[in-house]
Every structure is written in structure tokens, then in C-alpha cells.
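Reader: I'm new to reading protein models and I'd like to zoom in on one spot. Could you walk me through it slowly, and then show me how to look at some other parts in the same way?

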Amino acid sequence: MSCVSFSAQDSAEQTLPPKASLNRCAGMVSRVWEMESPQQSCVKPDVSLEIMKAGSVLRKAKSRMWRGHRHYKLQDDCKTIAYKSSWAMNSYSTFSVGDVEAVREGHESDVFLSVADEYPPERCFTLVFRGRRGNLDLVAESAEEAQAWIRGMQTLIENLQSMGESEKLDQMETFFKVIQAILKAKTNHTMSIDGFLMYLTSADGSIFNSEDQRLYQDMTQPLKHYFISSSHNTYLLEDQLKGRSSVEGYIQALKRGCRCLEIDCWDGSSGEPVVYHGHTFTSKILFKDVINTVAKYAFKTSEYPVILSIENRCSVEQQKVMAQLLKDILGDMLLRTTIDGKVPSVLPSPEELKGKILVKGKKIGGLESLDADNPVSGEVSDEEDSSELRRDSLTTESLPSDSKKSKQSLTKELSDLVIYCKNEHFNNFEHARIHGKPYDISSFSESKARKIIKEAAADFAQHNARQITRVYPSGLRTDSSNFCPQDMWNVGCQMVALNFQTAGLEMDLNDGLFSQNNRCGYVLKPEILRNSEQQFNPDKPQDRKDYCPLILTIQVISGQQLPKVNNKVGSIVDPFVRVEIYGVPPDQATQETSYIENNGLNPCWNETLEFAVHTPELALIRFVVEDYDMATKNDFIGQYTVPFSCIQSGYRHIHLLSKDGTSLRPSSLFVNINITEAS
């Protein structure tokens, strides 16, 4: 049997085997993935499943005005749900049970909350899909029928999860086989192709170092020393003008590890504050529903603090309602005093604030003047271009009536809930250095942040080593598009708020950065961005004292089971791989392979790409696979983004993700990574 020279310690330094062996290796890897692909689910007979297979007419609820009946039934494979409208004759559409993440009972969605008086909760349930796909709210004809579907779906989901657990056991068995292969080959320092393939397809063969996927960073540093996963206009599921507001936005953001949520608060007609994008035609949801949702989901993904960035446009009366709701609903989770009862000289750490929810907003005075009694007049919003949307996107005649409001007062009740996150207007760096408090947070629009970076990047980095900065998208991004967060991270901006509902490059980078450290939503900034006495200019990384550039060499060997980009009969992809480097300006680079015609099963490229990386601690590597098209725009197939610091050298697999960030397993790339110091 042919062998590949391999050492676990210096795999990155090994040269590739001959091309014939590589092609054979790629084919074998593809067959290994085929064997690991999920097989047809085996579900024990169940009364609920039999009811699902027989089918039910369920009412799909979308709003008070729109409700439609559809026939739903579970297919015999127990993996697919088929459905059709009453007018669709015999034409059924389908979705996979594997696409459903959870089932919620009762009025556990904003749609059901809005029509709670029409349907009893015992007849209602919601199917929650993975990724950014909208939920499916269904109403059964009886409570018994609803329970059959709820129990049946839970059984199917648990079955799929148990299959996942068996895969983990298979991986452990594979690991022991790898060890046996290593011991067997130890005498001549070689490993057989079979042993090598077992290693590559195990978890240890991933490009992402598994040690960096656990909670490996120091969580006892002050909050200012962390990048914090942050969302902009979290309540919106669509665009910024007419899109739907929903508590689902908060659920999805928190599930992705987001730790800073935005809540735009306005007076409600019934005396209760509402949340929506002011001066637009976006729908409204109740503030209390948002806080109830936060209370339920805040710490399901991460135990580290959640920050509520409150855009307060409410009257004094409804601000008091907001404050009371925050206290009543969040209870002990709400941070209401400093952790030691003293005015801080430095911010506490994520570790010290575990399980706590912080309010970010305007405050009367500072923590030094907690005895203020009177409301303070003035603008209580901190987003400087909040009127930019109104000026440039809507005419005065088309504005809702609430756009005529100008200044509001801030009540003591709400002010007192702002502890470590006080909104403070930014004047200049010198003023902030002399007068700034450790708990001051300044917010910048993306355009203002870019202007400052262009004119004074080093000063901005020093400022962000002392205080927290939040950057948010321009009001002109009415389509909920995003700006590239990398430029802001390069100067240490902690809260780079993105529209989480919009998939694409920007969210891929955000997901990539926060995929490390147990996805807890906090990533420790590099030392060069934590030292306020050190000058770091991202445009001139060579000026730093410990400058040590690296050379990243990537041999793109092959791909395995790449998905089709459309469902046309005979459709076969022509894949190519593009590698993109994001980091400080000198590190920004893109290279790509040639395309392979008509081969999505096991395309082989065997091409080498090389990059110089000047600031590796800030770099992100994005692998993109696309379907080449000579006449039109290339189609996206999959991507994977990983922090440079988390990459493992050697022969590795890259497990591709969809545009929504969900797994495309078993689709993958097979590469060889080599990292050396630049000469």
C-alpha cells in the first residue's frame, strides 16, 4: 500500500505527494464523506407520527389580515414535510425536518402575540427554521391535533440529534483507529493512506484549531478590551423602511452569540412603549414583548453579559413604564448598581458580569452623582444620523405623524438603570482623554468612523484602548445592507453593530471572528489594541516594535460533494475557489484557482496560493467556492471564514457553510496549509 510521509508535529512542512496519489487521495476522501453522510432516518412507530403521515389541514398565520389553510403531511421517509394550498390541486411543496431547529408551543411568536385574542394557545405552535428563514406559525383545528404535531416534530428533531451523537461516537472510534495506524507505522515514520484519511476526516483534521473553539481566552480583562458581537436595529427582519419588526430578531441574534442588542423605543398609543424604526413604515412591537424575549433567551448561548442599547424617544410617562418593565421582567438579571457599590476606575470584566443584563443609554450626570432627582432636558438619542434617513429617503408629506417630535426629557427612573454603559457625545480625542470616564461610550456612524480612521487611525486605536466605541450602519442603508466591519476592528472599535438579518460577506466576517472562544460573543482584542500607551497604525504595521510578518501558503487540493446551485435536471457546477484575506490594509488580498468543468463531486485543483500577512492577530481568512459562469455572474456555492490565529497548519478539511451560515456537510475543501516567517 502506498504511504505518505507524515508527522503530527511538522505536517505543515511536508510536500505534497505526486499528482496521481493526490487524485486518488481526493477520490478516497470523497468516498469517506459519502459513507459519513446521514442515511435515511429510522423512527420507531408513534401515534403522533401516524397522525402527521395521515395529514392535517392547518391554518398558516401571518398577520391579523392574512390567514390561509394548507394541507400538511409527513412523508414516509420521516424526513420531509409536504404541504399544499387548497387551490394548488395535487401539487405539493416540501421542506426537510432537518431544517427545523425547534418547535414552540402556544403564543411564542410575534405573529401569535398580535392575534392572541383570536386563537387559543393550546391550538397554536411555531416551527423555527435554521438560518435566516422565517418561522412557520400554524393553528390546528383542535388542541389534540396541535399536540400530535408538536410531539411528532419533537420526536423527529430528537431523532436527528441522536444521529448526531452517534456520529460523535463514530468519530471517537475513528480516532482510536488513527492512533492504531500511527503506532503501527511508528517504526518507519510513515502513515498509510487509509490512516491519513481517517485523521483528515476526524475533528482534528479541521482547519479550525479545536482548542480555539472552546473558551480559551482570558475573560477577566475590562470590557473595553474585547470585541463584542453587536446588532443594529435588532428588531427588524427585513429592510429599514417598510420591513417587519419582530421579537424573532432578538431570538436569532442571541442564538448567534450576539451580546449587544438595539431597542428603538417610542410612545405607544395605548400608554405602552413600542419598538420600531422611527419615522418609517416598519411595523411596531411592544417593548414588554422584547424584554420578555430577552429575559428568556439572553443566556441560552452564552453566559456572558448582554447589553441593551436603548434608543429612547419616549415621553417621560412612558420612560417610567420602560424602567418598571425592565425591573419587573428582568429581575435579578438586570444590573442596577456597580458590582462593588463604588464608582469604577476601570470597567468590570465579562467574567464579573456573568448572567447580567446591562442598559446602555443616556444618563443624568455620571455614576458620581447618583442622587440627581430631576429630569434632564435634551436629545436622548445617541445615533448622530438618525435624521439622515428622514431627510434623504422620505418626503416630509409621507412621514408618519410621530416624526414631528423633537426633544425629550430623561427620567431618573430610566437614568438610574444605566451603570457601566453611558452614552456620551464625542467631541475630540483630546477632550475624551482628559474628561472621559471609563464607562463612557461614544457612537459613530460608519461614515464618521471611516473619516476618523482615514485622518487619525492611531489616535482612534488609542482612544478605543481607553473607552468603548460603537459603530452603526448609515441611515441611508435602507435595504439593511452592511458595511465591512474589518476596518473598525483594525482600530479596536468594540461594538461594530451589523444588520444580522442580512446574509453576505460582512456577516460572514462577523461570524468568523466570533466563531472562536466558545462563540460566547466576546473576543479579546490583540495586545497592540489594548495598550493605550502604544501607537498602532493599521496602515503602517511595519512601525510596531514586534513587527513579524508571516507568509501563508495554501495548496487548494480538492473539493468534496459540492452542492448544486439550482435544481435543474443535469445541472453540474464548474467550481473554483477564491481565498480572501481581511485585516489591516496591507493584508487585504484575493487570489483564486482556475475552474473545473462539470465536477461538483470531487474536483481537483492542486493549485498553490501565497499571501503575506503583516498583522496576523487581526486577519480573517475567507474561503469561497463559486460556480463559474462565462456569461453571467458566478453563483455562490459555499464559504468558510476563520481567524488567522485559529488556523491549523498541515493537511486540513474546510467544512463549507451556506450563505445563511448553516452547515453544508458533507461539502468540504481539502487543503494544505503552511505558515512561515517572511524572510
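Which residues does Ser206 touch, not counting residues up to four places away in sequence?

Author: Happy to! Keep in mind that this is a predicted model. Leaving out residues up to four places away in sequence, Ser206 touches Gln648, Arg652, His653 and His655. Look at the numbers there: Ser206 itself sits in the loop that runs between helix H5 (193-200) and helix H6 (210-213). Ser206 counts as buried because its relative accessibility is 9%, and the cut-off for buried is under 20%. There's a polar detail too: a polar atom of the Ser206 side chain lies 3.1 Å from the backbone nitrogen of Phe208.

Now try the same kind of look at Ile581, which is part of strand S24 (residues 575-582). Ile581 has a relative accessible area of 1%, so it is buried. Again setting aside residues up to four places away in sequence, Ile581 touches Leu552, Asp587, Gln588, Ala589, Phe611, Leu620 and Ile621. You can also check how sequence and space compare: Ile581 and Phe644 are 63 residues apart along the chain, while their C-alpha atoms are 9.0 Å apart.

Strand S24 is a handy place to move on to charges. Side chains of opposite charge can pair when their charged atoms come close. The structure holds 22 salt bridges, and one of them links Glu580 and Arg578, with 2.7 Å from N to O. Both Glu580 and Arg578 are buried. They aren't a lone pair, either: salt bridges with shared partners tie Asp508, Arg578, Glu580, Arg622 and Glu626 into one network. Follow that network to Asp508 and you land in helix H15 (residues 505-513), where seven of the nine residues are buried. Asp508 is among those buried ones, along with Glu506, Met507, Leu509, Asn510, Gly512 and Leu513.

Other salt bridges have other surroundings. Glu446 pairs with Arg450, and their closest N and O atoms are 2.8 Å apart. These two are four residues apart in helix H13 (residues 446-466), so about one helical turn separates them. Glu446 is buried, with a relative accessible area of 4%, whereas Arg450 counts as partly exposed at 34%. Then there's Arg214 with Glu211, where the closest N and O atoms are 3.0 Å apart. Arg214 is partly exposed at 43%, and Glu211 is partly exposed at 44%.

Last stop: empty space. Rolling a probe the size of a water molecule over the atoms shows where it is left. Here the count comes to three cavities of 30 Å³ or more. Let's take the second largest, which has a volume of about 70 Å³. Eleven residues line it, and the closest to its centre are Asn312, Gly361, Lys362, Leu410 and Leu414. Strand S14 (306-312), strand S15 (357-361) and helix H11 (412-415) are the elements that give two or more residues to this lining, and S15 gives the most, with three. Sorted by class, the lining of this second largest cavity has six nonpolar, three polar and two charged residues.

Definitions and conventions
Residues are numbered from 1 along each chain as its sequence is written. This is a predicted model: local features need pLDDT of at least 70, side-chain atom pairs count only at pLDDT 80 or more; totals for chains, interfaces and linings use all residues. Side-chain values use heavy atoms; hydrogens and water are left out. A salt bridge is a side-chain nitrogen of Lys or Arg within 4 Å of a carboxyl oxygen of Asp or Glu. Buried means under 20% relative accessible area, exposed over 50%, partly exposed in between (1.4 Å probe, protein chains only). Contact means heavy atoms within 4.5 Å. On a 1 Å grid over the protein atoms alone, a cavity is a set of points where a 1.4 Å probe fits but cannot get out, and a pocket is an open set with protein on both sides within 12 Å along at least five of seven lines; lining residues have an atom within 4 Å of a point. Grid points are joined across faces, edges and corners, and a volume is the space filled by probe spheres set on the points. Ala, Val, Leu, Ile, Met, Phe, Trp, Tyr, Cys and Pro count as nonpolar, Asp, Glu, Lys and Arg as charged, and the others, Gly among them, as polar. A polar contact is a pair of N or O atoms within 3.5 Å; within protein, one must be able to donate a hydrogen and the other to accept it, and residues adjacent in sequence count only if both atoms are side-chain atoms.
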